[in-house]
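Welcome! Let us walk through this structure together, one region at a time.

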Amino acid sequence: MNDGHHNALENMVKSFRVSDLQTLLASMGRSKSGLKQDLVGRALRLVQTEYSPELLKNVRQLYESRFPRTSGWLAARRPESIPVSYSSLSSAPSATSQGVEYLNGISKPIATPAPEVKLVPLPFYQTLETLLPPTELIAQNNETLQDSQCIFELTPSQADQIRNASEIRPRIKSIQVVLRICYTDSIGVQEDQYPPNIAVKVNQTYCHVPGSYPSNKPGVEPRRPCRPVDITPSLHLSTVTNRVTVTWGNFGKRYSVAVYLVRMFTASDLFNQLKLCSVESAERCRERIQDKLRFDPESEIATTGLRVSLICPLVKMRIGVPCRVLTCAHLQCFDAVFFLQMNEKKPTWTCPVCDKPAPFELLTIDGLLSEILKETSEEIEEIEYLTDGSWQPINDDKEKEKERERSDTPEYSMVDMCVPETNGHSPAHSSTSLSGKSGGASTAGGVVGGGPPVPPGGVVVDLTLDSSSEEEGGGGGGDSEDTDDSADSPAPKRGRYNYDKDLVTAY
């Protein structure tokens, strides 16, 4: 690729919005998490180092969807490969003679099928049937607030499924009809994303849109994660036509809507699936540990152990069922039940240890840590994996003792020299008591450095202080030359502890 094309691609990438950058990175198999500056840097490195025809095509498609070449808003929002607009409910299908057919109330060109928009699979929703495939919301005029309409019918079998479904929670059926909205993009899979000012009305009844918060800033999308909208309570559970109206804010972004018949799962259902299908054996876990602790001749630090906490980083309680993500580099686990329950309430699917994506299909239960949790008492909060795949509990008291033994600085005690106050003032530290020229150690009622007797009493002398500190404190009982020498040549500074670099934590 020549420099001109290279610079053109880079400029295209720099003009992308966050959603465009995420789409590009996802289509090329890269992580799409992080701030905009991280996404831009990641995309630019992709352009600079891994240029390919596929990358060029994806960048150009995103750029042209953001900056269409045709003039006029309606022409720009309706390229040839995109369906035309939703027909209004009062419209008659008179355009059929012009080569347009009507399906579910949506007018589509016969010869130009819509690009295939794929919505990301959701762990708590199992798609049973597609009632309305992803179809773009098209503005009917230049107004900011738009109403797009569609119709669909349930078969008798589908209506019976919904009617006879059990309740997973009060008034929440296990079989539902849900409406999902996402960006109109055929590259990669799309996450649910509501447009601004969204409202959903089914058969003249407004439906609850979960997690949608009104904003006082025009054009601001509701915060993620956006969930499917349950429209089941407002449906005609018969062959009568169901009419759906989606109200949305037209601020230049493209959205598609789809309707599905789904089976709902709970956190308990997913936990049972996890126990049944995704448990890593204790032996395989040991092999993973040994791989991490295997000696690397290029490494300057020999790793002799890996520490793992038995406390869940989510709830700060002891882990019940240890779980981690297969693609994460760390061995630290979190509690599977709490993780699933939290994602049932707010589906972020992010690893609580390293903040990387943690999709349900990549979760696994750690068989080795499960055994360790059963064998250890509640008091043990941390363990250490060793190079041979074995493990040992970490005891805080023992660790403190080892730390004191490893310390280069001895533990000095405070000595009571039994020297009283002689003149009504706090006595100064005697430099002779620390000097090599002193005659001997002081005792109660004895002689300090061969000097005159000292009346009984007590003074505490910190023997860790050097002679320069004595001088600053006003001590004057010793040789002045000694104190000057010590001030000119201060004692070398030493760290309090020597940390063991051989022990690497598993976080």
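A residue is called buried when its relative accessible area is under 20%, exposed when that area is over 50%, and partly exposed in between, judged with a 1.4 Å probe on protein chains only. Please keep in mind that this is a predicted model, in which local features need pLDDT of at least 70, side-chain atom pairs count only at pLDDT 80 or more, and totals for chains, interfaces and linings use all residues. Residues are numbered from 1 along each chain as its sequence is written, and side-chain values use heavy atoms, with hydrogens and water left out.

Let us begin with the whole chain. Its secondary structure comes to 13 helices and 24 strands; these are DSSP runs numbered from the N terminus, where helices are H or I over at least four residues and strands are E over at least two. Of the 507 residues, 38% count as buried. Contact here means heavy atoms within 4.5 Å. Among contacts between residues at least 6 apart in sequence, 73% join residues at least 24 apart.

Now look toward the start of the chain. Helix 2 (residues 18-27) packs against helix 3 (residues 36-49) at an angle of about 40°, and their axes are 10 Å apart. Axes are lines fitted to C-alpha atoms, for helices over the stretch in contact, and angles run from 0 to 180 degrees between N-to-C directions. Angles under 35 degrees count as roughly parallel, over 145 as roughly antiparallel, 65 to 115 as roughly perpendicular, and the rest as oblique. The angle between these two therefore makes helix 2 oblique to helix 3. Which residues make the contact? On helix 2 they are Val18, Leu21, Gln22, Leu24 and Leu25, while helix 3 brings Lys36, Leu39, Val40, Arg42, Ala43 and Leu46. By type, the residues of this contact divide into eight nonpolar, one polar and two charged. In that scheme, Ala, Val, Leu, Ile, Met, Phe, Trp, Tyr, Cys and Pro count as nonpolar, Asp, Glu, Lys and Arg as charged, and the others, Gly among them, as polar.

Next, find Glu191, in the loop between strand 9 (189-190) and strand 10 (199-202). Glu191 is partly exposed, at 31% relative accessibility. Its C-alpha atom is separated by 5.5 Å from that of Val120, although the two residues are 71 apart along the chain.

From there, move on to Leu270 in helix 7 (residues 267-277). Is Leu270 buried or exposed? Its relative accessible area is 0%, so Leu270 is buried. Leaving aside neighbours within four places in sequence, Leu270 is in contact with Pro123, Phe124, Phe265, Leu340, Trp349 and Phe360. The C-alpha atoms of Leu270 and Ala336 are separated by 9.9 Å, with their positions 66 residues apart along the chain.

One of those partners, Trp349, deserves its own visit. Trp349 sits in the loop between helix 9 (336-345) and strand 19 (363-366) and counts as buried at 12% relative accessibility. Its phi is near 50°, a positive value in a residue other than glycine. Lys316 also has a positive phi, of about 55°, although it is not a glycine. Lys316 lies in the loop between strand 16 (305-309) and strand 17 (322-325), and counts as exposed at 62% relative accessibility.

Finally, turn to the charged pairs. A salt bridge is a side-chain nitrogen of Lys or Arg within 4 Å of a carboxyl oxygen of Asp or Glu, and the structure holds 13 of them. In helix 8 (residues 282-293), Glu283 and Arg286 lie three residues apart, about one turn of the helix, and form a salt bridge with their closest N and O atoms 3.8 Å apart. Both are partly exposed, Glu283 at 48% and Arg286 at 26%.

Helix 8 also holds Glu287 and Arg284, again three residues apart. They form a salt bridge whose closest N and O atoms are 3.7 Å apart. Glu287 is partly exposed at 35% relative accessibility, as is Arg284 at 33%.

Arg286 meets a second partner, Glu371, in a salt bridge of 3.8 Å, N to O. Glu371 lies in helix 10 (residues 367-375) and Arg286 in helix 8, so this pair ties together parts that are 85 residues apart in sequence. Salt bridges that share partners also join Glu280, Arg288, Arg324 and Asp366 into one network.
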